[in-house]
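Here is a chain to read through questions and answers. Each answer works towards the value or name asked for.

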Amino acid sequence: MKLILLRHGQTEWNIALKMQGWRDSKLTSTARKALNKLPEKKIVCDVIYSSDLGRAMATARIVANKNGAHILIDKRLRERDFGVLSGLKKNSNKVPANYWLAYQQRYQQQVTQVPNIESEHDFEQRITAFICHLEQRHHGQTVLLVSHGEWLRAVVNINAGLESWHLGEGVVDNGIPYCIEVKPELYRAIGVIK
């Protein structure tokens, strides 16, 4: 199965450097224009799956209008829940500084001290369960996934045999398609795909 990974278009909160997590922000007009100019050959797929968050669904609708693919919404494609950091400007003094330090070190170690943050284990299980679902339902097809920066970084890491929380190739840019071939054996190693 081939995946086309697409991070939602740039949002107002991306510009303001605010943590979105499960909260939402509208796409910028610049993002909408850029998505409308995506070359169709880069987004040819059998089906589109989108996170249920507004910024991802808006992105998916723009792409679907270009290529005519059907959109399926799945909340397992949501961004990682950043707990008390969600909705705050990065490094805001509304929370203790050690919460931001823990977030900034998330590529070196798992974040446990930020209240209500989605654990790395739960985040990884959500991602791998979704990929298992896709592999069973769309084996041999091309699937476009419209999701979020940390989600896409984690799936690329898992697919490369890295820890999901590792920096890996980093967070993909907003609105730029990125293709990977799913390696089911790596998900089997995690114990998700049988």
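Q: How many residues of strand 1 are buried?
A: This is a predicted model. Strand 1 has 6 residues and is mostly covered. The count of its buried residues is 5.

Q: In which sense do strand 1 and strand 4 pair, parallel or antiparallel?
A: Two residue pairs show the register. Leu3 has Val143 as its bridge partner in strand 4, and Ile4 has Leu144. Over 6 bridges, the sense of the pairing is parallel.

Q: Over how many bridges do strand 1 and strand 5 pair?
A: Here Leu5 stands opposite Tyr178 in strand 5. The pairing sense is antiparallel. The number of bridges between strand 1 and strand 5 is 4.

Q: What is the order of the strands in the open sheet?
A: The sheet has 5 strands, and its pairing is mixed. Strand 2 runs parallel to strand 3, joined by 3 bridges. Strand 2 also runs parallel to strand 4, joined by 4 bridges. The order is 3-2-4-1-5.

Q: Which strands stand at the edges, and why is one side of each left without a neighbour in the sheet?
A: An edge strand here has a single partner strand, so one of its sides has no neighbour in the sheet. Two strands fit, one spanning 71–73 and the other 178–181. They are strand 3 and strand 5.

Q: By how much are neighbouring strands of this sheet turned against each other on average?
A: Direction is ignored for this angle. The average turn between neighbouring strands is 25°.

Q: Which residue in strand 4 is the bridge partner of Tyr49?
A: Tyr49 belongs to strand 2, where Tyr49 and Val47 are buried on one side. Ile48 and Ser50 are buried on the other, so both faces are covered by the under 20% cut-off for relative accessible area. On the strand 3 side, Ser50 stands opposite Ile73. In strand 4, the partner of Tyr49 is Leu145.

Q: What angle does the direction of helix 5 make with that of strand 2?
A: Helix 5 packs on the sheet. Its contacts are with strand 1, strand 2, strand 3 and strand 4. The angle with strand 2 is about 165°.

Q: At what angle to strand 1 does helix 6 run?
A: Helix 6 lies across strand 1, strand 4 and strand 5. Its angle to strand 1 is about 150°.

Q: Which element gives the largest share of the largest nonpolar core?
A: This core has 22 residues, and Leu3, Ile131, Leu134, Leu145 and Trp151 touch the most other members. Strand 1, strand 2, helix 5, strand 4 and helix 6 each give two or more residues. The largest share is 6 residues, and the element giving it is helix 6.

Q: How many residues make up the second, separate core?
A: Its members include Ala31, Leu35, Ile48 and Ala60. In soluble globular proteins, nonpolar side chains tend to be buried together. The second core has 18 residues.

Q: Which residues of helix 4 are buried?
A: Helix 4 covers residues 97–104. Down the helix axis, the buried residues fall within an arc of 160°, so they line one face. They are Tyr99, Trp100, Ala102 and Tyr103.

Q: What is the relative accessible area of Leu85?
A: Leu85 sits in the loop between strand 3 and helix 4. Leaving out residues up to four places away in sequence, Leu85 touches Met19, Val95, Tyr99, Trp100, Tyr103 and Val114. Buried means under 20%, so Leu85 counts as buried. Its relative accessible area is 0%.

Q: What radius of gyration does the chain have?
A: For 194 residues, a compact globule would have a value near 16 Å. The C-alpha atoms fill a box of roughly 45 × 40 × 25 Å along the principal axes. The chain agrees with the globule value, at 16 Å.

Q: What percentage of the residues of the chain count as buried?
A: The chain has 7 helices and 5 strands. Of contacts between residues at least 6 apart in sequence, 70% join residues at least 24 apart. Of the 194 residues, the buried share is 54%.

How values were computed
Residues are numbered from 1 along each chain as its sequence is written. This is a predicted model: local features need pLDDT of at least 70, side-chain atom pairs count only at pLDDT 80 or more; totals for chains, interfaces and linings use all residues. Side-chain values use heavy atoms; hydrogens and water are left out. Buried means under 20% relative accessible area, exposed over 50%, partly exposed in between (1.4 Å probe, protein chains only). The arc is that of the directions from the helix axis to the C-beta atoms. A nonpolar core is a set of buried Ala, Val, Leu, Ile, Met, Phe, Trp, Tyr and Cys residues joined through side-chain atoms within 4.5 Å. Two strands pair if DSSP finds at least two bridges between them. Axes are lines fitted to C-alpha atoms, for helices over the stretch in contact, and angles run from 0 to 180 degrees between N-to-C directions. Contact means heavy atoms within 4.5 Å. The radius of gyration is taken over C-alpha atoms; the globule rule is 2.2 Å times the number of residues to the power 0.38.
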